[in-house]
Amino acid sequence: MATGAVRWRPARVIALVAGLIITFTLYRGLIYDPDTVTIGDKKISLKKEKGKPFDVDPLMKMTGPPAGKLWGPGEAAKVNATLLSLVRNEELDGILQAMGDLERTFNSKFNYPWTFINDVPFTEKFMRATKAKTKAEVFYEVIPKEHWEIPSWINPDLMTASARLLEEQKVQYSALKSYHQMCRWNSGMFYKHPALLKYKWYWRVEPKVHFFCDIDYDVFRYMQDNNKTYGFVINIYDSPESIASLWPATEEFIAEHPEHIHPNNAMRWLVDAENRPEHNRLANGYSTCHFWSNFEIADMDFWRSQKYEDYFNHLDRAGGFFYERWGDAPVHSIALGLMEDREKIHWFHDIGYQHIPYFNCPNSDKCKGCEAGRFTDGTGLDQEDCRINWFKYAHMN
Ligand code: GDP
Ligand code: MN
């Protein structure tokens, strides 16, 4: 047998491979600071000052619609989609305003049906007024009782005591039971409503939101043709006090169901601790950065999948929809970040939008009433913007 030659024992091979992986990870994570974001066919360089986050301005100045073939009004068959609004009778004025904006900028050209959903029946007045606002079909639906009511395993006394603690921590809507019910319904129930089972796609619309820019292509068709699951416009930080145990509960779920984690996930976006480290600490490992779910254009098949059902059930049993104030926005965002291919999540940079107090304002002559690049009209709220985290971790190579 030759002496002196390297002998490829399995342990050596493993050590070498592990060494290479560690070196590569350190290089990617600590040394290499990427600065080019690729969105569709666009490559955008971002500036970064040492010790500060990337400057998102160049992204906000992106112009034009997304890349690829787009279908204008009447050019292609309609997609299996509905505009969807969970709304209260008392919010009639607000929903008429939002409808007016969306009909003017998009739906008068594409005629997607509206589905209005409520936990109590809609009044005649509500139905008459909303119907008059569109030439598309409209549907009015009541939520099945078992989808809305607080689950039997929730202890009402513990819930009241928890709400008091959350109020002390200034968590908005802590003591409003219906708000907790709404968040749970939007997390794990809406897509199970019998009237929605026939649809695959939805565009969520809330009362009082604004749409500022003409959208001349069928956005649902865009999602379908480009194999996208979820479209968003705004990314912000959440109140960590409202979701203190959401990430720990998620970690349990990951340990129980490693098979549900997507290989091309956005985990690094979820666990970022570089920007606003205090949020990550208070939320026990989650950055709290989330897609702001009052706007969603998405595929309900993702919510209807076994993996999401498993995740929702795990969270529902953990009780945080009622003992804390878990929102559907962080729940949807964590699920997408862990279990979906991040390439299937689309930023609609070209849809001008406002839900008080934040905006998505494109740089385009198709927009009216939205100052390009503006993020907020509130004071001291700029730090709530975490879009850059998404671009950095999902779109930088
Ligand atoms: P915020 O955006 O988090 O401040 O919460 P909103 O008050 O806007 O509620 C979110 C969405 O759920 C809106 O579309 C509301 O109309 C709807 N919503 C909230 N609570 C209820 C409720 O008790 N019943 C019904 N039908 N809709 C609700
Ligand atoms: Mn709202």
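Seven strands make up an open sheet in this predicted model, and their order across it is β5-β4-β3-β6-β11-β8-β12, with mixed pairing. At the two edges you'll find β5 (138-142) and β12 (345-347); each has a single partner strand, so one side of each is left without a neighbour in the sheet. On average, neighbouring strands here are turned by 20 degrees against each other, direction ignored. As a reminder, strands of a sheet pair through backbone hydrogen bonds, either parallel or antiparallel.

Now step into the sheet and look at β6 and β11. Strand β6 covers residues 201-204, and its pairing with β11 is antiparallel, over four bridges. To get your bearings on that pair, find Tyr 202, which sits opposite Ala 298 of β11.

Strand β11 runs over residues 296-299, and Glu 296 belongs to it. That's a residue to pause on: UniProt, in an unreviewed entry, lists Glu 296 under "active site". Is Glu 296 buried or exposed? The cut-off for buried is 20 or more other C-beta atoms within 10 Å. Glu 296 has 20 of them within that distance, so it counts as buried. Leaving aside residues up to four places away in sequence, Glu 296 touches Arg 204, Tyr 230 and Phe 232.

Next, the ligand. Which residues surround ligand 1? The shell consists of Leu 86, Val 87, Arg 88, Glu 91, Asn 118, Asp 119, Ser 178, Tyr 179, Met 182, Glu 206, Pro 207 and Asn 294. Sorted by character, that's five nonpolar, three polar and four charged residues. The element that gives the most to this shell is helix α7 (residues 177-188), with three residues.

For a contrast with Glu 296, try Lys 109, in helix α3 (residues 92-110). Lys 109 has 16 C-beta neighbours inside 10 Å, so it counts as partly exposed. Follow the chain from Lys 109 to Tyr 217 and you cover 108 residues, yet the C-alpha atoms of the two are separated by 8.9 Å.

Last stop: the hairpin of β1 and β2. Strand β1 (residues 36-39) and strand β2 (residues 42-45) run antiparallel, joined by four bridges. Within that pairing, Ile 39 stands opposite Lys 42 in β2. Two residues lie between the strands of this hairpin, and Gly 40 takes a positive phi near 60 degrees.

Technical notes
Residues numbered from 1 in each chain as written. Chains lettered and ligands numbered in written order. Predicted model: local features only at pLDDT ≥ 70, side-chain atom pairs only at ≥ 80, totals over all residues. UniProt positions renumbered as here; feature names shortened; annotations may be inferred. Buried ≥ 20, exposed ≤ 12 C-beta atoms within 10 Å, placed from the backbone. Contact = placed C-beta atoms within 7 Å. Pairing = 2+ DSSP bridges. Axes fitted to C-alpha atoms, helices over the stretch in contact; angles between N-to-C directions. Near = placed C-beta within 6 Å. Nonpolar A, V, L, I, M, F, W, Y, C, P; charged D, E, K, R; others polar.
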